[in-house]
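Trainee: Could you take a close look at how one pair of helices packs in this model? I'd like the geometry and the contacts, and then whatever you can say about the pocket.

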Amino acid sequence: MSSTHVLRRPGDEAGPADPQVSELLVLWQHPETLAILAIGRFGYDGETYTFNYTRQAAEIQGLRTLPELRDLHRTFRSTRMPLVFEQRVMSPRRPDFDDYLDRIGLRPENATPWEQIVHSGGARVGDTLQFMQMPGVRDGRARARFFANGVRHVPEQPRDLGGRVTEITGDSQEAALSALNPGDIVDILPEHGNPIDEYACLIVAGGTPIGWVPMAISRDVRRLMGTGTLTGRVLRIAPPGSPAHTRLVVDLDVAAPEGFVFDPDGMWDRLS
(Lines give C-alpha, C1' and ligand atoms only; values in the text may rest on other atoms or scores of the structure.)
Protein backbone atom coordinates (compact mmCIF):
# COMPACT_ATOMS: atom_id res chain seq x y z
CA MET A 1 0.00 0.00 0.00
CA SER A 2 1.12 3.51 -0.69
CA SER A 3 -0.08 4.86 2.64
CA THR A 4 2.62 5.96 5.04
CA HIS A 5 0.31 5.15 7.97
CA VAL A 6 -0.97 1.76 9.00
CA LEU A 7 -4.52 1.55 10.18
CA ARG A 8 -4.71 0.05 13.65
CA ARG A 9 -7.27 -2.71 13.63
CA PRO A 10 -7.65 -6.23 15.04
CA GLY A 11 -4.83 -8.39 13.79
CA ASP A 12 -7.10 -11.27 12.82
CA GLU A 13 -9.33 -9.13 10.61
CA ALA A 14 -8.87 -10.63 7.16
CA GLY A 15 -11.51 -8.61 5.35
CA PRO A 16 -14.99 -7.38 6.19
CA ALA A 17 -15.40 -6.74 9.89
CA ASP A 18 -18.78 -8.44 9.76
CA PRO A 19 -19.52 -10.49 6.61
CA GLN A 20 -23.11 -10.97 7.81
CA VAL A 21 -24.04 -7.30 7.41
CA SER A 22 -27.04 -7.21 5.08
CA GLU A 23 -28.85 -4.03 6.13
CA LEU A 24 -27.89 -0.50 7.07
CA LEU A 25 -29.76 2.42 8.57
CA VAL A 26 -29.58 5.51 6.37
CA LEU A 27 -29.11 8.56 8.59
CA TRP A 28 -29.85 12.11 7.44
CA GLN A 29 -28.93 15.38 9.14
CA HIS A 30 -31.69 17.97 9.21
CA PRO A 31 -30.22 21.21 7.79
CA GLU A 32 -31.99 23.42 10.35
CA THR A 33 -32.16 21.47 13.60
CA LEU A 34 -28.96 19.47 12.85
CA ALA A 35 -30.71 16.39 14.28
CA ILE A 36 -29.52 13.13 12.72
CA LEU A 37 -32.53 10.97 11.87
CA ALA A 38 -33.01 7.46 10.50
CA ILE A 39 -34.81 8.07 7.20
CA GLY A 40 -34.22 4.75 5.45
CA ARG A 41 -33.13 1.13 5.43
CA PHE A 42 -30.65 0.04 2.76
CA GLY A 43 -30.14 -3.68 2.18
CA TYR A 44 -28.15 -6.07 0.01
CA ASP A 45 -28.51 -9.86 -0.18
CA GLY A 46 -25.53 -10.49 -2.46
CA GLU A 47 -27.55 -9.93 -5.63
CA THR A 48 -30.24 -7.31 -5.09
CA TYR A 49 -30.15 -3.90 -3.43
CA THR A 50 -33.25 -2.70 -1.60
CA PHE A 51 -34.21 0.62 -0.07
CA ASN A 52 -37.20 1.66 2.01
CA TYR A 53 -38.04 4.89 3.75
CA THR A 54 -38.86 4.66 7.45
CA ARG A 55 -41.81 5.87 9.50
CA GLN A 56 -39.53 8.58 10.82
CA ALA A 57 -38.95 9.90 7.30
CA ALA A 58 -42.70 10.34 6.83
CA GLU A 59 -42.87 12.56 9.92
CA ILE A 60 -40.08 14.97 8.93
CA GLN A 61 -41.47 18.29 7.76
CA GLY A 62 -39.83 19.43 4.53
CA LEU A 63 -37.82 16.26 3.92
CA ARG A 64 -36.58 16.11 0.35
CA THR A 65 -36.56 12.53 -0.85
CA LEU A 66 -33.36 11.19 -2.36
CA PRO A 67 -32.68 11.18 -6.12
CA GLU A 68 -33.99 7.97 -7.76
CA LEU A 69 -35.79 7.22 -4.49
CA ARG A 70 -38.60 9.75 -4.63
CA ASP A 71 -41.56 7.64 -3.52
CA LEU A 72 -41.80 7.34 0.25
CA HIS A 73 -44.07 4.30 0.01
CA ARG A 74 -42.24 2.28 -2.64
CA THR A 75 -39.67 -0.47 -2.12
CA PHE A 76 -36.68 0.10 -4.39
CA ARG A 77 -35.19 -3.11 -5.79
CA SER A 78 -32.38 -3.37 -8.29
CA THR A 79 -29.19 -5.27 -9.05
CA ARG A 80 -27.55 -1.85 -9.30
CA MET A 81 -26.86 0.32 -6.27
CA PRO A 82 -28.86 3.58 -6.32
CA LEU A 83 -26.70 6.32 -7.81
CA VAL A 84 -27.04 8.53 -4.73
CA PHE A 85 -25.30 5.75 -2.76
CA GLU A 86 -23.00 4.59 -5.55
CA GLN A 87 -21.44 8.06 -5.58
CA ARG A 88 -20.01 7.19 -2.16
CA VAL A 89 -18.05 4.25 -3.54
CA MET A 90 -14.46 4.90 -4.60
CA SER A 91 -13.23 3.63 -7.95
CA PRO A 92 -10.21 1.30 -7.78
CA ARG A 93 -8.72 3.45 -10.55
CA ARG A 94 -8.27 6.32 -8.12
CA PRO A 95 -4.60 6.81 -7.17
CA ASP A 96 -5.55 7.07 -3.49
CA PHE A 97 -7.67 3.89 -3.52
CA ASP A 98 -5.21 1.86 -1.44
CA ASP A 99 -4.93 4.65 1.12
CA TYR A 100 -8.72 4.80 1.33
CA LEU A 101 -9.07 1.05 1.90
CA ASP A 102 -6.35 1.15 4.52
CA ARG A 103 -8.17 3.94 6.35
CA ILE A 104 -11.52 2.13 6.48
CA GLY A 105 -10.03 -1.29 7.31
CA LEU A 106 -10.86 -3.07 4.07
CA ARG A 107 -8.69 -5.18 1.78
CA PRO A 108 -8.80 -4.94 -2.03
CA GLU A 109 -10.23 -8.44 -2.51
CA ASN A 110 -13.22 -7.48 -0.36
CA ALA A 111 -13.72 -3.93 -1.62
CA THR A 112 -17.11 -4.43 -3.27
CA PRO A 113 -19.38 -1.38 -3.47
CA TRP A 114 -21.50 -2.76 -0.61
CA GLU A 115 -18.51 -3.45 1.67
CA GLN A 116 -17.13 0.02 0.97
CA ILE A 117 -20.41 1.54 2.19
CA VAL A 118 -20.49 -0.74 5.26
CA HIS A 119 -16.90 0.05 6.24
CA SER A 120 -16.78 3.75 5.36
CA GLY A 121 -20.19 4.72 6.71
CA GLY A 122 -20.81 6.35 3.34
CA ALA A 123 -20.44 9.89 4.67
CA ARG A 124 -18.63 12.61 2.75
CA VAL A 125 -17.29 15.94 3.95
CA GLY A 126 -20.13 18.44 4.16
CA ASP A 127 -22.69 15.72 3.43
CA THR A 128 -26.03 15.10 5.15
CA LEU A 129 -26.09 11.29 4.79
CA GLN A 130 -24.33 8.52 6.68
CA PHE A 131 -24.91 4.80 7.19
CA MET A 132 -24.89 2.66 10.31
CA GLN A 133 -25.08 -1.08 10.80
CA MET A 134 -28.48 -2.10 12.15
CA PRO A 135 -28.21 -2.48 15.94
CA GLY A 136 -30.10 -5.24 17.69
CA VAL A 137 -30.45 -7.59 20.64
CA ARG A 138 -29.03 -11.09 20.26
CA ASP A 139 -28.54 -13.73 22.93
CA GLY A 140 -29.62 -11.28 25.60
CA ARG A 141 -27.07 -8.64 24.62
CA ALA A 142 -27.58 -5.24 23.03
CA ARG A 143 -25.11 -4.85 20.19
CA ALA A 144 -24.30 -1.87 18.02
CA ARG A 145 -21.35 -0.92 15.83
CA PHE A 146 -20.98 2.73 14.91
CA PHE A 147 -18.67 5.49 13.78
CA ALA A 148 -18.00 8.16 16.39
CA ASN A 149 -20.04 11.15 15.27
CA GLY A 150 -19.12 14.82 15.46
CA VAL A 151 -15.42 14.23 16.14
CA ARG A 152 -14.39 17.60 14.74
CA HIS A 153 -17.04 19.44 16.77
CA VAL A 154 -16.11 18.15 20.23
CA PRO A 155 -13.53 20.91 21.01
CA GLU A 156 -15.91 23.72 20.05
CA GLN A 157 -17.13 24.23 23.64
CA PRO A 158 -16.84 22.74 27.16
CA ARG A 159 -18.74 19.47 27.65
CA ASP A 160 -20.80 18.73 30.75
CA LEU A 161 -20.40 15.13 31.88
CA GLY A 162 -22.85 14.94 34.74
CA GLY A 163 -21.73 18.12 36.45
CA ARG A 164 -18.06 17.67 35.53
CA VAL A 165 -17.46 20.34 32.89
CA THR A 166 -14.52 19.43 30.69
CA GLU A 167 -12.58 21.79 28.45
CA ILE A 168 -11.29 20.06 25.32
CA THR A 169 -8.71 21.42 22.91
CA GLY A 170 -7.97 20.04 19.49
CA ASP A 171 -4.58 18.92 20.77
CA SER A 172 -5.95 17.09 23.81
CA GLN A 173 -8.59 15.38 21.70
CA GLU A 174 -6.02 14.32 19.12
CA ALA A 175 -3.73 12.97 21.84
CA ALA A 176 -6.59 10.85 23.20
CA LEU A 177 -7.50 9.56 19.74
CA SER A 178 -3.90 8.80 18.77
CA ALA A 179 -3.36 6.78 21.95
CA LEU A 180 -6.17 4.36 21.09
CA ASN A 181 -5.67 0.87 19.70
CA PRO A 182 -8.16 -1.79 18.60
CA GLY A 183 -9.56 -3.59 21.60
CA ASP A 184 -9.17 -0.61 23.92
CA ILE A 185 -12.09 0.26 26.17
CA VAL A 186 -13.74 3.68 25.93
CA ASP A 187 -16.34 5.11 28.27
CA ILE A 188 -19.79 6.14 27.06
CA LEU A 189 -21.18 8.90 29.29
CA PRO A 190 -24.27 11.10 29.18
CA GLU A 191 -23.67 14.69 28.15
CA HIS A 192 -25.88 17.27 29.83
CA GLY A 193 -27.14 20.40 28.11
CA ASN A 194 -26.46 19.35 24.53
CA PRO A 195 -28.55 21.77 22.42
CA ILE A 196 -29.15 19.31 19.57
CA ASP A 197 -29.68 15.97 21.30
CA GLU A 198 -31.24 15.82 24.75
CA TYR A 199 -30.04 12.20 25.06
CA ALA A 200 -26.48 12.92 23.87
CA CYS A 201 -23.85 10.34 24.83
CA LEU A 202 -20.16 11.18 24.60
CA ILE A 203 -17.42 8.69 23.83
CA VAL A 204 -14.61 9.37 26.29
CA ALA A 205 -11.03 8.09 26.24
CA GLY A 206 -8.75 8.69 29.20
CA GLY A 207 -11.15 11.31 30.54
CA THR A 208 -11.23 13.23 27.24
CA PRO A 209 -14.39 13.40 25.10
CA ILE A 210 -13.55 12.38 21.53
CA GLY A 211 -16.93 11.97 19.77
CA TRP A 212 -20.59 11.09 20.15
CA VAL A 213 -22.72 8.00 19.88
CA PRO A 214 -24.93 8.50 16.80
CA MET A 215 -28.06 10.42 17.67
CA ALA A 216 -30.19 7.70 16.06
CA ILE A 217 -29.42 5.40 19.02
CA SER A 218 -28.56 7.88 21.78
CA ARG A 219 -31.94 7.53 23.51
CA ASP A 220 -31.61 3.74 23.46
CA VAL A 221 -28.06 3.93 24.81
CA ARG A 222 -29.28 6.14 27.67
CA ARG A 223 -31.83 3.44 28.49
CA LEU A 224 -29.04 0.88 28.56
CA MET A 225 -27.08 3.06 30.96
CA GLY A 226 -29.78 3.12 33.60
CA THR A 227 -28.14 4.84 36.55
CA GLY A 228 -24.63 3.78 35.57
CA THR A 229 -22.34 4.24 32.59
CA LEU A 230 -21.41 2.05 29.65
CA THR A 231 -18.19 1.07 27.97
CA GLY A 232 -17.50 0.32 24.33
CA ARG A 233 -14.60 -1.32 22.58
CA VAL A 234 -12.51 0.22 19.81
CA LEU A 235 -12.87 -1.73 16.58
CA ARG A 236 -10.85 0.55 14.30
CA ILE A 237 -8.88 3.75 14.69
CA ALA A 238 -7.68 5.60 11.62
CA PRO A 239 -4.46 7.65 11.62
CA PRO A 240 -4.23 11.43 12.12
CA GLY A 241 -5.24 13.32 9.02
CA SER A 242 -8.04 10.89 8.15
CA PRO A 243 -11.50 12.40 7.61
CA ALA A 244 -13.10 12.94 11.01
CA HIS A 245 -16.17 10.87 10.15
CA THR A 246 -14.04 7.76 9.53
CA ARG A 247 -11.69 8.22 12.47
CA LEU A 248 -13.11 5.86 15.08
CA VAL A 249 -15.37 2.79 15.01
CA VAL A 250 -16.77 1.52 18.32
CA ASP A 251 -18.50 -1.72 19.25
CA LEU A 252 -21.14 -1.70 21.97
CA ASP A 253 -21.92 -5.14 23.40
CA VAL A 254 -23.68 -5.08 26.77
CA ALA A 255 -26.25 -7.12 28.67
CA ALA A 256 -29.74 -6.00 27.66
CA PRO A 257 -32.38 -5.41 30.35
CA GLU A 258 -35.48 -7.58 30.15
CA GLY A 259 -37.64 -6.45 27.25
CA PHE A 260 -35.09 -4.01 25.83
CA VAL A 261 -35.17 -3.34 22.09
CA PHE A 262 -33.63 -0.63 19.97
CA ASP A 263 -36.19 1.76 18.49
CA PRO A 264 -39.10 0.75 20.73
CA ASP A 265 -41.42 3.26 19.02
CA GLY A 266 -40.95 1.60 15.62
CA MET A 267 -39.66 4.73 13.89
CA TRP A 268 -37.26 2.58 11.84
CA ASP A 269 -40.10 0.44 10.50
CA ARG A 270 -40.40 0.40 6.72
CA LEU A 271 -43.19 2.49 5.23
CA SER A 272 -43.76 -0.04 2.43
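Mentor: Helix α3 (residues 97–104) and helix α4 (residues 113–120) have axes that come within 9 Å and cross at roughly 55 degrees. Keep in mind that this is a predicted model. Angles of 65 to 115 degrees would count as roughly perpendicular and those under 35 degrees as roughly parallel, so α3 is oblique to α4. As for the hand, α3 and α4 make a left-handed crossing. On the α3 side, the residues in contact are Phe 97, Tyr 100 and Ile 104, and they meet Gln 116, His 119 and Ser 120 of α4. Sorted by class, that contact comes to 3 nonpolar and 3 polar residues, with no charged ones.

Now the pocket. The largest one holds about 920 Å³ of space. It is lined by 40 residues, and Gln 29, Ile 36, Asn 149, Gly 150 and His 153 are the closest to its centre. Elements giving two or more residues to that lining are β1 (23–29), β5 (129–133) and β7 (141–147). β5 gives the most, with 4 residues. By class, the lining of the largest pocket splits into 22 nonpolar, 12 polar and 6 charged residues, whereas the contact of α3 with α4 has no charged residues.

Conventions:
Residues numbered from 1 in each chain as written. Predicted model: local features only at pLDDT ≥ 70, side-chain atom pairs only at ≥ 80, totals over all residues. Heavy atoms only, no water. 1 Å grid on protein atoms, 1.4 Å probe; cavity = no way out; pocket = protein on both sides within 12 Å on 5 of 7 lines; lining within 4 Å. Points joined across faces, edges and corners; volume = space filled by probe spheres on them. Nonpolar A, V, L, I, M, F, W, Y, C, P; charged D, E, K, R; others polar. Axes fitted to C-alpha atoms, helices over the stretch in contact; angles between N-to-C directions. Parallel < 35°, antiparallel > 145°, perpendicular 65-115°, else oblique. Left-handed = near helix turned anticlockwise from the far one by under 90°. Contact = heavy atoms within 4.5 Å.
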